[in-house]
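This report describes the fold, the confidence, the core and the surface of one protein chain. The sequence and the model are shown first.

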Amino acid sequence: MTRDEHDDARELIALGEDLLDAQQAWLRAHLDECEACRHYAEAAKGVVSTLRSLPLAADSRLVRATQMRVRFHASRLREARERMWLVGMACLGVGLSATLTVPLLWRLFAWMGEWAGVSTLVWQAGFAFFFIAPTLVVGVLLLARGTHLTNDGERSRQWR
């Protein structure tokens, strides 16, 4: 089944003012030639203007429910923004702490490796484990908490 130009014109009329320049030009040219589509466009314009002229009032329960949802969503966004600020400050603290302590720990491990008489590869592996293990443990704990437990301790299937 193929579409004809009348179906295309009706579809463009239904879109209203959200048309590209080329579409508007084609529609104007088609409406100049086609009386049926021109009547359709006039009727659609009449329906839209009638609908826009009708007063629209929401009852008080709908308004209160909408306000409550908007306030709830705004508080959730505010909490998320505060949490992200804390996460940013924590990342800054961790970065500064790592910058200051890594060189000291490297020297400590080198000294302990020499004192214990182990090879360079052994004390470097120990340093890498000591440096990476806490991050892995915390990541696993946060991941487990986020995917399986909510604040109430109940089981959850969604990421929180």
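pLDDT is the predictor's confidence in each residue, on a scale from 0 to 100. The model is predicted, and pLDDT stays under 50 over residues 155-160. For that stretch the model has 12 contacts beyond four places in sequence. Where pLDDT is low, the predicted coordinates should not be read in detail.

**Confidence and overall fold**

Over the protein chain the mean pLDDT is 84, and 89% of the residues reach 70 or more. Among the elements, helix 4 (residues 60-116) has the highest mean pLDDT, 91, and helix 5 (residues 120-148) the lowest, 83.

The protein chain contains five helices and zero strands, so ordered along the sequence as α-α-α-α-α. Of its 160 residues, 12% are buried. Among the contacts with a separation of 6 or more, 23% are between residues 24 or more positions apart. The exposed area of the protein chain is about 13,900 Å², and 64% of it is supplied by carbon and sulfur atoms.

**The nonpolar core**

Which residues make up the largest nonpolar core? The set has nine residues in all: Ala9, Leu12, Ile13, Leu19, Leu27, Leu31, Cys34, Cys37 and Ala41. Helix 1, helix 2 (21-33) and helix 3 (35-53) are the elements that give two or more residues to this core. Helix 1 provides the largest share, three residues.

Leucine 12, one of the core residues, touches Leu19, Gln23, Trp26 and Leu27, with residues up to four places away in sequence not counted. Leu19 and Leu27 are also listed in the core.

Is histidine 30 buried or exposed? This residue is found in helix 2 and counts as buried because its relative accessibility is 4%, where the cut-off for buried is under 20%. Leaving out residues up to four places away in sequence, histidine 30 touches Glu5, His6, Ala9 and Cys37. Of these contacts, Ala9 and Cys37 are members of the core.

**Salt bridges**

The structure holds two salt bridges. The table gives the partners and the distance between the closest N and O atoms.

| Acidic residue | Basic residue | Closest N and O atoms |
|---|---|---|
| Aspartate 7 | Arginine 10 | 3.7 Å |
| Aspartate 59 | Arginine 61 | 3.2 Å |

Aspartate 7 and arginine 10 are separated by about one helical turn, because they are three residues apart in helix 1 (residues 5-15). Aspartate 7 counts as partly exposed at 34% relative accessibility, and arginine 10 is partly exposed with a relative accessible area of 32%.

In the salt bridge between aspartate 59 and arginine 61, aspartate 59 counts as partly exposed at 36% relative accessibility, whereas arginine 61 is exposed, with a relative accessible area of 60%.

**A nonpolar surface patch**

Which residues make the nonpolar surface patch of about 550 Å²? The patch is made by Trp85, Leu86, Met89, Leu92 and Leu96. Leucine 96 has its place in helix 4. Its relative accessibility is 52%, so leucine 96 counts as exposed; the cut-off for exposed is over 50%.

Note on methods:
Residues are numbered from 1 along each chain as its sequence is written. This is a predicted model: local features need pLDDT of at least 70, side-chain atom pairs count only at pLDDT 80 or more; totals for chains, interfaces and linings use all residues. Side-chain values use heavy atoms; hydrogens and water are left out. Buried means under 20% relative accessible area, exposed over 50%, partly exposed in between (1.4 Å probe, protein chains only). Contact means heavy atoms within 4.5 Å. Accessible areas come from the Shrake-Rupley method with a 1.4 Å probe; for residues, only the protein chains shown count as cover. Patches are made of residues with over 30% relative accessible area and no salt bridge: like charges are joined within 9 Å, nonpolar side chains (Val, Leu, Ile, Met, Phe, Trp, Tyr) within 5 Å. A salt bridge is a side-chain nitrogen of Lys or Arg within 4 Å of a carboxyl oxygen of Asp or Glu. A nonpolar core is a set of buried Ala, Val, Leu, Ile, Met, Phe, Trp, Tyr and Cys residues joined through side-chain atoms within 4.5 Å.
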